[in-house]
Amino acid sequence: MTSLSKNLGCCFDPTRDPDKTAIIDVTDWDNPIEISYAELDVRCNAVARGLLKRGLKRGDRVGILSLNSIKNVTVYLGVMRAGLIVVPISFKLNREIVAHIVRDADLKLAFCDKERLDVCPPDLPTVSFDDPEGYDAFLDPGPFEPFIPSGREIGMILYTSGSTGMPKGVLLSHASQLWSIESGLETFGDRSDQRFIVAAPLFHMNGAMSVKNALAANASVVLFPSFNASTYARAIPRFGVTWLTSVPTMLAMVAREKELLETLDFSSVTRATMGSAPLTQALFEKVQAIYPNASVSNGYGTTEAGPAPFGPHPDGIPRPMASVGYPLPGSEMELREGPGPDEGVLYMRNPMLMEGYNNLPAKTAEVMRDGWYRSGDIMRRDENGFYYFVGRADDMFVVGGENVWPGEVERLIERMPGVHQAIVVPVSDAIKGTLPFAFVVPQKGVELTESEVKAFTLANGPAFAHPRFVTFREVIPLAATNKPDRKLLMHEAEPIAQASERNRA
């Protein structure tokens, strides 16, 4: 990426090393497809030319409903090069929600893979990635001068997961995302010799920024259509991956593949980054053991206020294991609504802030206050200025008058020998209001009982926070963003708890 670039679609410099591999597409494990920086640039321009040839105008919105692929990336970047707004859509959403996004974003066109074509509303013009008369015919190769945005002009809209209703469209400018990329280049230095692996979806900030950061650094990206624990693990030695990008749950699932991991060589991995969800000490230690040569770190970010507002300490103080880091230069933080200045709800003010929620001025006003974004995340700050994620303000529930943070209980349970992963959700109770319910994934080959988990938490934590119900699972279900699907688990927990209470009565 050149320092003069103002268009997010031009986040890499194709002249730096034009023949170098930019992306390795592992959609077909046996026949991966590689594309150079020069060819990626040509295709992005061909997408931009094709869009304008079709009659689309500056500011028109174009959707992408597809698994990760090289074609997905070329459309993602090509749309913005043309001065249009790209709208990636989760491929796990049902027709009703997709139709809502299409209407809310006022999409003029959508690019889809064949499995997602019938999810789109019938009146929405589409281009198929898999039809010979689709994507390939749409391209219009030739020279192209990318559009130059003005001020904080919108380049993309990312829709939130919609855990509390219909998804909200987050309006993100070219300038905001480029600031984040530039900050990463300054923080990490030259990463052109790195090979990143990306399996998080491109409709989510984690996957999208991982790809753009890698391309901006002139590195190479091993790109998976979606996440699968065993193929993710096997790809690391096969493609010489050096830099892991992930959501913590992804590496937790990889860690369970013990027999497979014993056959693989991970000595190439020098960095493992996890973000978009809290990281427990137990998982940190497992990841460090699997990738002994890697520097392991936990990241934090939000769609509304930037993918990476934290970084290293300016004085070189090592980041504590559980910390999300120290505020980046130019990224202001305050902790409010808490017992003191070092604990409370995180408020942020930085150049990465969104321009608002699409068509939702009242919702925007709820979280944007005098130039500050209220994250809704509870954090604490230590004496060196490092920040630690405590939990979502919305996730906290009350048990008999006591505040319970699911993340704190999960970290406690995961300290128990034999436990691989735990997710805690609230269930209703006539006396206490709500009670903790734990879904526990044991380590392979380990048998645990409900009474053992309860006894461990009672012995090592506050009695009011111990799970009153424990059920065991082989895996934790994931939402579209590869985070634990808490909404689904809450739905499943309630009848289990009720049935257990009836049996005790």
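Author: Let's start with a word we will need often: buried means under 20% relative accessible area, exposed means over 50%, and partly exposed lies in between, with a 1.4 Å probe and protein chains only. The model is predicted, so local features need pLDDT of at least 70 and side-chain atom pairs count only at pLDDT 80 or more, while totals for chains, interfaces and linings use all residues. Residues are numbered from 1 along each chain as its sequence is written, and side-chain values use heavy atoms, with hydrogens and water left out.

Reader: What makes helix 6 mostly covered?

Author: Of the 12 residues in helix 6, 12 are buried. Among them are Met205, Asn206, Lys212 and Leu215. A helix here is a DSSP run of H or I with at least four residues, a strand is a run of E with at least two, and both are numbered from the N terminus. Helix 6 covers residues 205-216. Just after it, Asn218 has a positive phi of about 65°.

Reader: How do you know that the span of helix 6 is close to the one expected?

Author: The expected span is 1.5 Å times one less than the number of residues. For the 12 residues of helix 6 that gives 16 Å, and the helix reaches 16 Å from its first C-alpha to its last. Helix 2, residues 70-81, also has 12 residues and reaches 16 Å, close to its expected 16 Å.

Reader: And what makes helix 2 mostly covered?

Author: In helix 2, 11 of the 12 residues are buried, including Ile70, Val73, Tyr76 and Arg81. Gly83 follows this helix, with a positive phi near 85°.

Reader: What makes the phi of Asp106 worth a remark?

Author: Most residues other than glycine have a negative phi. Asp106 is not a glycine, yet its phi is positive, about 55°. Asp106 sits in the loop between helix 3 (95-105) and strand 5 (107-112). Glu337 is another such case, with a positive phi near 65°, and it belongs to strand 16 (residues 332-340).

Reader: Why is Asp106 called partly exposed?

Author: Its relative accessibility is 42%, so Asp106 counts as partly exposed. Glu182, in helix 5 (residues 174-188), has 28% and therefore counts as partly exposed too.

Reader: Why is Thr15 called exposed?

Author: Thr15 has a relative accessible area of 62%, so it is exposed. You will find Thr15 in the segment before strand 1 (21-25).

Reader: Where are Gly299 and Ala308, and why is each called partly exposed?

Author: Gly299 lies in the loop between strand 13 and strand 14, and so does Ala308, with the strands at 295-298 and 310-311. Gly299 is at 26%, so it is partly exposed. Ala308 is at 32% and therefore counts as partly exposed.

Reader: Which residues is Ala308 in contact with?

Author: Contact means heavy atoms within 4.5 Å. Leaving aside neighbours within four places in sequence, Ala308 is in contact with Tyr300, Leu328 and Met352. The C-alpha atoms of Ala308 and Ser331 are 9.7 Å apart in space, with their positions 23 residues apart in sequence.

Reader: What makes a group of residues a nonpolar core?

Author: A nonpolar core is a set of buried Ala, Val, Leu, Ile, Met, Phe, Trp, Tyr and Cys residues joined through side-chain atoms within 4.5 Å. The largest one has 70 residues, of which Ile23, Leu51 and Leu215 touch the most other members. A second, separate core of 34 residues includes Ala199, Phe224, Ala294 and Val296. In soluble globular proteins, nonpolar side chains tend to be buried together.

Reader: Which residues does Ile23 touch?

Author: Not counting residues up to four places away in sequence, its partners include Ile33, Leu40, Ile70, Val73 and Leu215. Of these, Ile70 and Val73 are among the buried residues of helix 2, while Leu215 is one of those in helix 6.

Reader: What makes an open space a pocket?

Author: On a 1 Å grid over the protein atoms alone, a pocket is an open set of points with protein on both sides within 12 Å along at least five of seven lines, and its lining residues have an atom within 4 Å of a point. The second largest pocket has a volume of about 490 Å³. Its lining has 25 residues, and Val390, Glu408, Val409, Arg411 and Leu412 lie nearest the centre. Helix 12 gives the most to this lining, with four residues.

Terms used: On a 1 Å grid over the protein atoms alone, a cavity is a set of points where a 1.4 Å probe fits but cannot get out, and a pocket is an open set with protein on both sides within 12 Å along at least five of seven lines; lining residues have an atom within 4 Å of a point. Grid points are joined across faces, edges and corners, and a volume is the space filled by probe spheres set on the points.
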